[in-house]
Amino acid sequence: MNGLKQNNITILGSGTSTGTPIIGCHCKTCLSDHPYDQRLRASIFLKTKHNHHILVDATPDLRFQLLRQKIFHIDFVIISHEHADHIHGIDDLRQICFKKTDHELEIYCAQFHQTHLVERFPYIFQRDKFFSKNRPILGGGIPILKLKTLDLKDEINQIEIANEPFTFFLLPHNYTKTVCFYHDGLAYLPDCHEITDQVLDFLTLQKPRLLIINCLQKEDHQTHLTVEKSFAYIHKIRPESAGLIHMNHNLSHAELTRLAKENFDFPVFPVYDTQNLTY
Ligand SMILES: [Zn+2]
Ligand SMILES: [Zn+2]
């Protein structure tokens, strides 16, 4: 135990798949020099009351995100889904593995996400097939990642990981589903285009201290929550506070802050990279 009275969350990245600024874009948000408009790909880091260090997603920006926050130790990783912006930094977990006594890091995800991970990173997840006596591992080594399956057969799944009380649920997102969760007062819904009725009922009943929810842009979108949808869900769930995440360059921090203030009588705000919150 480290004696933390509250759980701690750090926003490692608050942006959508492109990040902001977008390469080559000259829009107002992309040219903004406000630090909160500089968004790396969406990811969070939890430091819990029980002294567990948990990373959620391994974005293409992972190396810089870990360096920036001075994160050198991770107990386990949760992967929300297989899209590039959530897993393509997975190789950077190498250095975290090297520091561990058993050099092994557990990666929790849904069974159907594992198929994608194995296909995309056979050198990590099918080491025995990929390397052999005649083709040994050379050079800087590879991360030793142990896939752990989250049993998500129900709509709402209570699953303890290392004494941490998680409730996991899948939400529809594009052609896939995203692993979202509730943990001791925090609800994290990074990527989805709707919240199913059962999950909505569950979250409304929990009244999270902090809800972090996808909010891509004002305009309609096939695979993400828009400002309108996101705000409607926040009104329904009525958490103590809500942070908006996974924004694209059509929404500046200033504009989304203003929209949130106009629509809520409790704290609702866009989160920003490096932000620390407790729950
Ligand atoms: Zn732009
Ligand atoms: Zn996605």
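Q: In β3, which residue is the bridge partner of Phe 45?
A: This is a predicted model. Strands β2 and β3 pair in the antiparallel sense, over four bridges. In β3, the residue bridged to Phe 45 is Leu 55.

Q: Which residue in the turn of the β2 and β3 hairpin has a positive phi?
A: The hairpin has five residues between β2 and β3. One residue in that turn has a positive phi, of about 65 degrees. That residue is Asn 51.

Q: How many bridges join β1 to β2?
A: Strand β1 covers residues 8-13, and strand β2 covers residues 43-47. The two run antiparallel. Gly 13 has Ser 43 in β2 as its bridge partner. The number of bridges that join β1 to β2 is five.

Q: In β4, which residue is the bridge partner of Ile 54?
A: On to strand β4, residues 76-78. β3 and β4 pair in the parallel sense, over three bridges. The partner of Ile 54 in β4 is Phe 76.

Q: Which helix makes a β-α-β unit with β3 and β4?
A: The unit is right-handed. Its helix covers residues 62-68. Phe 64 is found in this helix. The helix is α2.

Q: Is Phe 64 buried, exposed or partly exposed?
A: Count the other C-beta atoms within 10 Å of its own: there are 15. A buried residue has 20 or more, and an exposed one has 12 or fewer. Phe 64 is therefore partly exposed.

Q: What separates the C-alpha atoms of Phe 64 and Leu 12?
A: Along the chain, Phe 64 and Leu 12 are 52 residues apart. In space, their C-alpha atoms are separated by 9.3 Å.

Q: Which strands stand at the edges of the sheet that holds β1 and β2?
A: This open sheet has seven strands, with mixed pairing. Its order is β6-β5-β4-β3-β2-β1-β14. Each edge strand has a single partner, so one side of each is left without a neighbour in the sheet. The edge strands are β6 (144-150) and β14 (276-278).

Q: On average, by how many degrees are neighbouring strands of this sheet turned against each other?
A: The average ignores direction. For neighbouring strands in the sheet, the value is 25 degrees.

Q: Which helix packs on this sheet, touching β5 and β6?
A: The helix covers residues 111-120, and β5 covers 104-110. Its direction makes about 125 degrees with that of β5. The helix is α5.

Q: Which edge strands does the sheet of β7 to β13 have?
A: Here seven strands form an open sheet, again with mixed pairing. The order is β7-β8-β9-β10-β11-β12-β13. Each edge strand pairs on one side only. The edge strands are β7 (157-161) and β13.

Q: In β9, which residue is the bridge partner of Pro 172?
A: Strand β8 covers residues 164-173, and strand β9 covers 176-183. They run antiparallel and are joined by eight bridges. Pro 172 has as its partner in β9 Lys 177.

Q: At about what angle does α10 run to β13?
A: Helix α10 lies across β12 and β13. Both strands are among the elements that cover its buried residues. The angle between α10 and β13 is about 170 degrees.

Q: Within what arc do the buried residues of α10 fall?
A: The buried residues are His 253, Leu 256 and Ala 260. Seen down the helix axis, they share an arc, so they line one face of α10. The face turned away carries the exposed residues Arg 258, Lys 261 and Glu 262. The buried residues fall within an arc of 70 degrees.

Q: Which residue just after α9 takes a positive phi?
A: Helix α9 covers residues 227-237, with Phe 231, Tyr 233 and Ile 234 among its buried residues. What covers its buried residues includes α8, β11, β12, α10 and β13. Just after this helix, a residue takes a phi of about 45 degrees. That residue is Arg 238.

Q: What is the radius of gyration of the chain?
A: The chain has 10 helices and 14 strands. For 279 residues, the globule rule gives 19 Å. The chain comes close to that, so it is as compact as a globular protein of that length. Its radius of gyration is 19 Å.

Notes. Residues are numbered from 1 along each chain as its sequence is written. Chains are lettered from A and ligands numbered from 1 in the order in which they are written. This is a predicted model: local features need pLDDT of at least 70, side-chain atom pairs count only at pLDDT 80 or more; totals for chains, interfaces and linings use all residues. Two strands pair if DSSP finds at least two bridges between them. Axes are lines fitted to C-alpha atoms, for helices over the stretch in contact, and angles run from 0 to 180 degrees between N-to-C directions. Two residues are in contact if their C-beta atoms, placed from the backbone, lie within 7 Å. The arc is that of the directions from the helix axis to the C-beta atoms. A crossover is right-handed if, with the strands pointing away from the viewer, the path from the first strand over the helix to the second runs clockwise. The radius of gyration is taken over C-alpha atoms; the globule rule is 2.2 Å times the number of residues to the power 0.38.
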